[in-house]
Amino acid sequence: MADRDPAWRVLPKPSHPHDSAPLHVTGAARYADDGPEPADMLHLAFGQSAHAHARILSMDLSAVRAAEGVIHVFTAADIPGANDVSPVAGDDRLLADGEVICVGQAIFLVAATSQRTARKAARLAKIDYEPLPACLTIEAAQAAHSLIEPTQRMARGDADAALANAPHSLTGSFDMGGQDHFYLEGQVAVATPGEDGQIHLLCSTQHPSEVQHLVAHMLHRNSADVTVEVRRMGGAFGGKETQAALFATAAALVADKTGRPAKFRCDRDDDMVMTGKRHAFRVGYDVGFDAAGHVLALRLRLASRCGATVDLSPAINDRAMFHADNCYWLPHVEIVSERLKTNTVSDTAFRGFGGPQGMLAIERVMDDVAAHLGHDPLAVRCVNLYGPDRDVAPYGMTIADNIAPQLIARLRADARYDARSAAIAAFNATSPIIKRGIALTPVKFGISFTTTHLNQAGALVLVYADGSIQINHGGTEMGQGLYIKVAQVVADVFAVPIDRVRITATRTDKVPNTSATAASSGADLNGMAAYNAAMTIRGRLTGFLARTFGCTDSDVHFTPEGVIAGSERLSFAQLCRKAHIGRISLAATGYYATPGIAYDRDAHQGRPFYYFAYGAAITEVAIDTLTGEHKVLAVDILHDVGRSLNRQIDIGQIEGGFIQGQGWLTTEELIFDDQGRLLTHSPATYKIPTASDRPAHMTISLWDGENVEPTINRSKAVGEPPFMLAISVFSALTRAVAAVAPDVRALPRLDAPATPERILRAVSEHRAR
């Protein structure tokens, strides 16, 4: 059947609203914390470590147990199975046992009649520690050779020889900070005990199957005894991919031990202290280039603070290496990646998954080359783009769908980059205090899990006799619009209105062994799995109609006006009733595994990505050289989502991703003291972007192409790639700082985030040159 091609329907899609939009507006959308609480519900809190690294000598919890409202207190000795909430390495403890490895680590668990009661009681513990040496910074970990895994190297050619022979060379370094996820809905899990040892978990997690398996191992049960359910999350951004397991397993432990329902709703301060962040990086580079700005050789050093345990740091740092080329051909390159173990909370997945850090590194190199030569940075970027006969990434993958040159050229023309750049130069020449900057930076982001086996998904489609449809799949909804996109796919298969499709919560007892909703692959994987399930049912219906009305399968057509079988026409509801009476199965599972990808991690070679998503952004900024304050004045974006499944959803993701990236690079600063305590652990001390930080001028356009790979509707992923469009903000700020001394051919020293203090320091240092 021709329309079994995944690109079966290439007509423009209507932009259906987010399925939860009316519920959000009216306050009727239910999250994990919104269900009615039974009278015997227990509320939980952790007792947390006060030290970054210490041995626990003794622990007196008598005052905790005696506190009013406390029902039970649990320690590691109460865990019946595995004391482990890690995704891979087995090194994350539910409750510390004999040693603590970061401030805020969970040591014991309080179950009480209210959240406030539990949190107050947890503070009454008397714990005697023996402090141990602690590594808290990148520098300290490097000095101690403290690593979570061996240092990794990716290389092509002979970088040392090419550097020695290059007409020009530079050495540079800079730091970029981490970032808190700051999801609106914090970590929360509700565990309800069932009969015969079963547990039901309503959980805010991106990875229901992983939570299911970890809870089962912790309770020493089978996975079939644990059901995890997720209807929606109030944001996640990677922070609920692995670290939701800590709170879910705690709730499950209490429910199992007490026989009472248990809820862990984490306080915002505790959440920020106890959960991991985006990895902070220190970048060093040696670059050789010619007079036109062609990069001839690059030696890049990436060092990241991973935290106290492994979590997902190997894969995150791998992706930083993958994206250290961005859109650029690097003929001789060596990328060395240090994964440093520190006594801080374990950093984890965050939108972009290491890609932003690698991409910021290479964009900083391009800015440095341009500053040294006195060229417009865009000119240097353009001469280094991938092209014919220079189209292989450092990890060996051919860049077969390179649209970056055309996309950049279109944005450059449409947004009048050259005219605006000239106008800004003229403004700066006559403005002694306020300086402006402009930058155009591109994005090439690889789509797939780089751990190959994760690139699979399942779905369950049920068609009822009245023609209504229920869809379930392994993807989770965290506000990104995945559910409505998959529902559109199923509705299109049967040519029925979207309101005939009921979206149901993700549940591990419907679709098993799912991958996390991450890596921007939710719609790619789950959309195709749902499509395959729906097409199985449509195939059965087609055969049934052909037999019933004496026509061929090719004479059966599903249309918005009804289902046509030869000369007969009937509504979809009539068909479903007729098929049910005719004993035709109207339920099907669907499965999809991304084809054509494989990667040899030992050699750092292969094809880790199915395709690339592209984009570019122009950002214009102004800085006050007396205070260091800045303002993002204008942003123009052209982004590639292939043949969009839902234009308005995609545009919303692009806008949100850009603003979140802007926050990472400008205002969101994580500060730890010399004891490893996070000082920026609340909205009072940690500044995410607000509505006033959105530029007054912001245009977002979609590239009018389609995916070269047969993805669902030839669409492309949109969750993570737009985040890195905000690198243009950082580059524009750097050019604004450079404008205080325009004759200096050197890149201003500016670390991220570019806070007022850092901008002011950069202005002072650049003037001094």
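## A tour from T542 outward

Start by selecting T542: apart from neighbours within four places in sequence, T542 is in contact with D553, V556 and F558. You are looking at a predicted model, so keep that in mind as you click along.

**Stop one: T542.** Colour by secondary structure and you will find T542 in helix α15, which covers residues 522–549. Is T542 buried or exposed? T542 counts as buried because its relative accessibility is 3%, and the cut-off for buried is under 20%. Now add A251 to the selection and draw a distance between the two C-alpha atoms: they are separated by 48 Å, with the two positions 291 residues apart along the chain.

**Stop two: Q206.** Next, select Q206, in the loop that links β10 (199–203) to α6 (208–219). Q206 is buried, at a relative accessible area of 3%. Show the side chain of Q206 and the backbone of E241: a polar atom of that side chain lies 3.3 Å from the backbone nitrogen of E241. Then display the surroundings. Not counting residues up to four places away in sequence, Q206 touches several residues, including M233, A236, F237, G238, G239, K240 and E241. Among the other residues touched by Q206 are T476, M478, A516, T517 and A518.

**Stop three: E709.** Move on to the loop between β29 (697–702) and α18 (727–738), where E709 is found. Which residues does E709 contact, leaving aside its neighbours within four places in sequence? They are R607, Y610, Y611 and R714. Show the side chains of E709 and R607 to see the polar contact of 3.1 Å that joins them. For a longer line across the view, pick D555: its C-alpha atom is separated from that of E709 by 29 Å, and the two residues are 154 apart along the chain.

**Last stop: the whole chain.** Zoom out and select everything. The chain holds 19 helices and 29 strands, and its C-alpha trace spans about 85 × 75 × 50 Å along the principal axes. The radius of gyration is 27 Å, which agrees with the value near 27 Å for a compact globule of 769 residues. Of those residues, 61% count as buried. Among contacts with a separation of 6 or more, 80% come from residues 24 or more positions apart.

Switch on the surface to finish: the accessible area is about 27900 Å², with 52% belonging to carbon and sulfur atoms. Colouring by charge brings up 72 positive and 84 negative side chains, and the centres of these two sets lie 4 Å apart.

Terms used: Residues are numbered from 1 along each chain as its sequence is written. This is a predicted model: local features need pLDDT of at least 70, side-chain atom pairs count only at pLDDT 80 or more; totals for chains, interfaces and linings use all residues. Side-chain values use heavy atoms; hydrogens and water are left out. Helices (H or I, at least four residues) and strands (E, at least two) are DSSP runs, numbered from the N terminus. Buried means under 20% relative accessible area, exposed over 50%, partly exposed in between (1.4 Å probe, protein chains only). A polar contact is a pair of N or O atoms within 3.5 Å; within protein, one must be able to donate a hydrogen and the other to accept it, and residues adjacent in sequence count only if both atoms are side-chain atoms. Contact means heavy atoms within 4.5 Å. The radius of gyration is taken over C-alpha atoms; the globule rule is 2.2 Å times the number of residues to the power 0.38. Accessible areas come from the Shrake-Rupley method with a 1.4 Å probe; for residues, only the protein chains shown count as cover. Lys and Arg count as positive and Asp and Glu as negative; His and the chain ends are not counted. The place of a charge is taken as NZ of Lys, CZ of Arg, CG of Asp or CD of Glu.
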